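Q: Take me through one part of this model up close, please. I'd like to look at a sheet, strand by strand, and then at a helix that packs against it.

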Amino acid sequence: MHGAPARHGAAAQHSSAWRQREQAANGGAPMLCQGSPGHPVTPPRGAGLGSRVRVGWMGAGSGSLGNGRSQFPPIDVAARARGLGGLVAYISARRAPCARAAPRPGRCACEAMARLTGARPVAARRWGCATAAFLLLLLTVQAAQKADLSGDATAATINHSLILLQRLQELLQNGNSSDSVLRVRTAASDEARVFHTHQLLLSLQSEVFESLLRNQSVVTLHEPPETAALFEKFIRYLYCGGVSILLHQAIPMHQLASKYRVWGLQRGVADYMRTHLASESSQGHVVGWYHYAVRIGDAALQESCLQFLAWNLSAVLGSAEWGSVSVELLLLLLERSDLVLHSELELYTAVEGWLGRQQPEDPVAERVLRAIRYPMIAPSQLFRLQVQSAVLARHYGAVQDLLFQAFQFHAASPLHFAKYFDVNCSMFLPRNYLAPSWGSQWVINNPARDDRSTSFQTQLGPSSHDASKRVTWNVLFSPRWLPVSLRPVYSDSVSGAVQPVRIEDGRPRLVITPAMSSPDFAGVSFQKTVLVGVRQQGRVLVKHAYSFHQSSDEAADFLAHADLQKRTSEYLIDNSLHLHIIIKPVYHSLIKVKK
């Protein structure tokens, strides 16, 4: 016969004898199969079902093609990338070339299955016909979906993907016609969990499984307890393209996806982690996710975790996860000026507790203590820390110069102090403090209704020399401010009607200006920060922080993507916009004196 080389072993002999009987039944002529050199199979053009993220790869999930005693030949990666058309080409390319022009229906797929699996002709005929019918059904659905592109108004899509998902789930649960077995072991147990699977479905999703199952049907996998507990969910994703996870399952599921190179699941879990940072958990999870992101090198997840911790540090300081913060993470946080917390004293108290629990080596403890911005702490509180803080007493020599400089900062005029010391360093830059002397909270009820205004006072600067001096600030909020180019103008028509302007053409605007000017402002500039609070998982947290300097009275992108017209907007809490406005005085040198 023409086609593939003769197979070895009893199975090959049995298959050869069966082919001879089939050839004799056809009058001595071999059967003609689509996909032979004379009749090549051309995969359909365009993105087939195989290009869909969740269910596209399921076009190949037609059940088990073997009888459990042998495996498919390795699947070509390029054919797999072509989706369903690639699978048809993969099966068809291994059929025997024939010479007759009139094939008998159903026999081509049966012979292909016999060649692929080494199964008996009867079993191969049963599963081969079922596979061919199933693939034909999926190709029909694919053709119906392509009808959408024809522009015909009568075109419609018939979608039975949910039924397909149900069938694939049943295939996994019942283990029907499985051709491979996964045995999952853990070091803590002698027992192994057994999963009867189908090589084709696993190989379509994971190149690791494709390699493992290439020459063996039973594979033993060794997993730690936390990933072994989720292995059933992991396998279900490979069959059905979906999985539900909880906060504590995110890391082990991401580990499974990374280990077996299931890239879609890996990206999905990473996105889940970035969007569930605000979710409430008993022990906290953001710190653990950050440390995991560092280990795997996920820079995007690291930055998301850092930003969340910085903007909601007060909530983290009082939680159980503060004790699990690593030295590296703590130092990164202490370097930032966008930390949102009540005061610098609150930060020192939390750091003192962390040092007491962790007991790091003296060089590490000294680095941490030197990252505290002591000039932002009032002199009376600094005196109390020198007397009552055991940590400060132990490492007093390492921070003595910083404490002395902080007392000088509070005792002298800021302009005089700036002549001799560099006030542009981070030590003299305030963080985002929520104390009343640094700003004010503003809750705007029904913010989409009309313009609002308010005013508040802050201290001129953090120095004790300026603490008694107050600055009044006026704030204007407009929910639908329009640029000049979009403002209504009178037309040249006789009626003189005003051009209509849609509400959605405007955007929210927040303007913050000082109500007065004073000579005391010399040597001081003001950085303005607006925090937007949202309710997530029952907690009010900071979702956005907008910062702008004295040279500008407003943030250009303030709530640019917020839809305040909807009561269900994520930016609203009970139909109210929760803002916290912070004024950060920053000293700078006017005249420098040579030392």
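A: Here's a quick word on the model as a whole, then the sheet, then the helix.

This is a predicted model, where local features need pLDDT of at least 70 and side-chain atom pairs count only at pLDDT 80 or more, while totals for chains, interfaces and linings use all residues. Residues are numbered from 1 along each chain as its sequence is written, and side-chain values use heavy atoms, with hydrogens and water left out.

First, how far to trust it. pLDDT is the predictor's own confidence in each residue, on a scale from 0 to 100. The protein chain averages 76, and 68% of its residues score at least 70. Among its elements, helix α11 (residues 250-259) has the highest mean, 97, and helix α2 (residues 77-81) the lowest, 39. Residues 24-130 stay under 50, though the model does give that stretch 213 contacts beyond four places in sequence; a contact means heavy atoms within 4.5 Å. Residues 498-504 are below 50 too, with 10 contacts beyond near neighbours in sequence. Where pLDDT is low, the predicted coordinates should not be read in detail.

For scale, the protein chain has 595 residues, and 46% of them count as buried, meaning under 20% relative accessible area with a 1.4 Å probe on protein chains only (exposed is over 50%, partly exposed in between). It has 22 helices and 12 strands; these are DSSP runs numbered from the N terminus, with helices being H or I of at least four residues and strands E of at least two.

Now the sheet. It is open, has 4 strands, and the order across it is β6-β12-β10-β11, with antiparallel pairing. Strands count as paired if DSSP finds at least two bridges between them. The edges belong to β6 (439-445) and β11 (539-548); each has a single partner strand, so one side of each has no neighbour in the sheet. From one strand to the next, the twist averages 25°, taken between axes fitted to C-alpha atoms in the N-to-C direction, with angles from 0 to 180 degrees.

Let's walk across from β6. Antiparallel β6 and β12 are joined by 7 bridges, and Gln-441 sits opposite His-580 in β12. Next, β12 pairs with β10, again antiparallel, over 10 bridges, with Val-532 facing Leu-579 of β12. Finally, β10 (residues 524-536) connects to antiparallel β11 through 9 bridges; there, Val-534 has Leu-541 as its bridge partner. As for β12 itself, 11 of its 12 residues are buried.

That brings us to helix α21. The elements covering its buried residues include β12 (576-587), along with helices α18 (362-369), α19 (379-388), α20 (390-394) and α22 (414-420). Those buried residues are Ala-398, Val-399, Leu-402, Leu-403, Gln-405, Ala-406, Phe-407, Phe-409 and His-410. An α-helix has 3.6 residues a turn, so residues three or four places apart point the same way.

α21 also has a kink of about 25°, centred on Leu-402; the bend at a residue is the angle between axes fitted to the seven residues ending there and the seven starting there. Leu-402 is also one of the buried residues. As for length, α21 (residues 396-411) has 16 residues, which should span 22 Å at 1.5 Å a residue; its end C-alpha atoms are 21 Å apart, so the two agree. That expected span is 1.5 Å times one less than the number of residues.
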